[in-house]
Amino acid sequence: MALRKLFIDMNAFFASVEQQENPRLRGRPVAVIPTDAPTTCCIAASYEAKRYGIRTGTPVWQARRLCPHLILRIADHRRYVTFHHRILDAVETVLPIERVLSIDEMVCPLGTNEREAERAVALALAIKQAIRTRVGPCLTCSIGIAPNTFLAKVAADMKKPDGLTVLTTGDLPEALYRLQLDDLPGIGLRLKLRLHSYGITSVRQLCTASVTTLAAVWRSRKLGLRWYQMLRGIEVEDGQGPRRTLSHSHVLPPPLRNEADAYAVLMRLAHKAAARLRQEGYCTGCVGVSLAFLLSGGARRSTQRWGAACRIPLADDTPAILHAVARLWHSRPPLPTPFYVGIVLSELCPRRCTTPSLFDDDQRAAALSYTLDAVNARCGPHALHFATIHHHRQSAPPRIAFTQIPQFDPHLI
Ligand SMILES: [Mg+2]
């Protein structure tokens, strides 16, 4: 089977951008954090910081203990999006991009005369060079080349930083045997335990399992077959159906960790989620709120999470979603220090598949929401807003886009 896909994964992307922008950070342990709070976690670590055992997800108090001279930088979403687009431009000077999978991952198809290993490797080296010269020398990437996207991603993960790995059909499946089950994208802890319960504890066993066994593990004939094919280099549909949920969340900076501010930020997230829902052409049938509270003082504080959801008649207007959020907020536990707020809209249904409400009030609420979007698109994101969020319209700035990258537009981000 020919090599068909080239997968690019930027190394320690956010930390590398920080090092590219600030030469004083180069060669030093740097971690990027979403907000300046002792309860937060690192969302990226430079390779110098990784040597101390700091990873994405390491709590900041622990990171400081592992590396006392660690440099912490607060994430700058706007900057990462700018770099993301510059990287796309650089890659496209060599190969077209088929899909952007996240802010630091993309996949390119290999054309019919690019499918021999030698030619594909030359293209990968040209991409690395284009990123280095057009974006900056701190931006390194790991590239994987394989017969399908899944294996190309696995190959990219095999060597970091600045790796280049080719998996040909001749290498398969033996080249995968040295991996752990959870090295494969899509296998997390739960799935790993389920694989164990079927006697599959190694990638070798996974690769030799029958479709029937895989279907039993994944509890779906379709998914079992899909894994069987992916492991053998067959390109399968990515299974990306229509969107099923839409969510926004925010870790509150210390000054906003009180009920009034937490509520206002939650409302701001609800506005944002409602606007996105309309922009993407969906209605929601279920609104969920999640909160987390700090329970005691000190750097290693214990926390309590809480969440609730309620069904609503299918809607995409801001007032309907705000009402649901307000109702849920009032059923929260009586704890004084919220530090995290989140909203999830689920049971999404494409708007074109819904029947519009016949009630005047609903129609007015919908018309109001679309007017709101039109004014804000023209005059800036907060030109027109509900009074509930007035003091917090700048709170909860766009979070780091791991999987959803806005087009660069200073009005939007
Ligand atoms: Mg990466």
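Modeller: A strand is a DSSP run of at least two residues, numbered from the N terminus. By that convention, Glu 347 of this predicted model lies in the loop between strand E12 (338-346) and E13.

Colleague: What makes the backbone of Glu 347 notable, and why is Glu 347 called partly exposed?

Modeller: Phi of Glu 347 is near 50°, a positive value in a residue other than glycine. Partly exposed residues fall between the 20% and 50% limits; Glu 347 has a relative accessibility of 36%, so the term applies.

Colleague: Which residue in the loop between E1 and helix H1 (13-21) has a positive phi, and is it buried or exposed?

Modeller: Ala 12 is in that loop, and its phi is near 40°, again positive in a residue other than glycine. The relative accessible area of Ala 12 is 13%, under the 20% limit, so Ala 12 is buried.

Colleague: How do you know which residues are the protein donors of the magnesium ion?

Modeller: A donor is an N, O or S atom within 2.8 Å of this metal. Asp 9 (OD), Met 10 (O) and Asp 104 (OD) lie 2.2 to 2.3 Å from the ion, so they qualify as its protein donors. Water is not among the atoms, so the site may look incomplete.

Colleague: What is the sequence spacing of these donor residues, and which parts does the pair Met 10 and Asp 104 tie together?

Modeller: The spacing is D-M-x93-D. Met 10 belongs to strand E1 (residues 5-10), while Asp 104 is in the loop between strand E5 (99-102) and strand E6 (105-109), so the pair links parts that are 94 residues apart in sequence.

Colleague: Why are Met 10 and Asp 104 called buried?

Modeller: The term requires a relative accessible area under 20%. Met 10 has 3% and Asp 104 has 17%, so both meet it.

Colleague: Why is Thr 355 called exposed, and where does it lie?

Modeller: Exposed means over 50%; the relative accessible area of Thr 355 is 75%, so it qualifies. Thr 355 lies in the loop between strand E13 (349-350) and H13.

Colleague: Is Ser 369 buried or exposed, and what does it touch?

Modeller: Ser 369, in helix H13 (residues 360-379), has a relative accessible area of 1%, so it is buried by the 20% limit. Not counting residues up to four places away in sequence, Ser 369 touches Arg 278, Asp 317, Thr 318 and Pro 319.

Colleague: What makes the peptide bonds before Pro 161 and Pro 173 notable?

Modeller: The bond joining Lys 160 and Pro 161 is cis, with omega about -10°. The bond from Leu 172 to Pro 173 is also cis, with omega near -5°. Pro 161 is in the loop between H6 and strand E8 (164-166), and Pro 173 is in the loop between E8 and helix H7 (189-197).

Colleague: How many helices and strands does the protein have, and how do you know that it is as compact as a globular protein of its length?

Modeller: There are 13 helices and 13 strands. The radius of gyration is 23 Å, close to the 22 Å from the globule rule for 413 residues, so the protein is as compact as a globular protein of that length. Buried residues make up 48% of the 413 residues.

Note on methods:
Residues numbered from 1 in each chain as written. Predicted model: local features only at pLDDT ≥ 70, side-chain atom pairs only at ≥ 80, totals over all residues. Heavy atoms only, no water. Donors = N, O, S within 2.8 Å, 3.2 Å for Na, K, Ca; no water. Helix = DSSP H or I, 4+ residues; strand = E, 2+ residues; numbered from the N terminus. Buried < 20%, exposed > 50% of the residue type's maximum accessible area, 1.4 Å probe, protein only. Rg over C-alpha atoms; globule rule 2.2 N^0.38 Å. Contact = heavy atoms within 4.5 Å.
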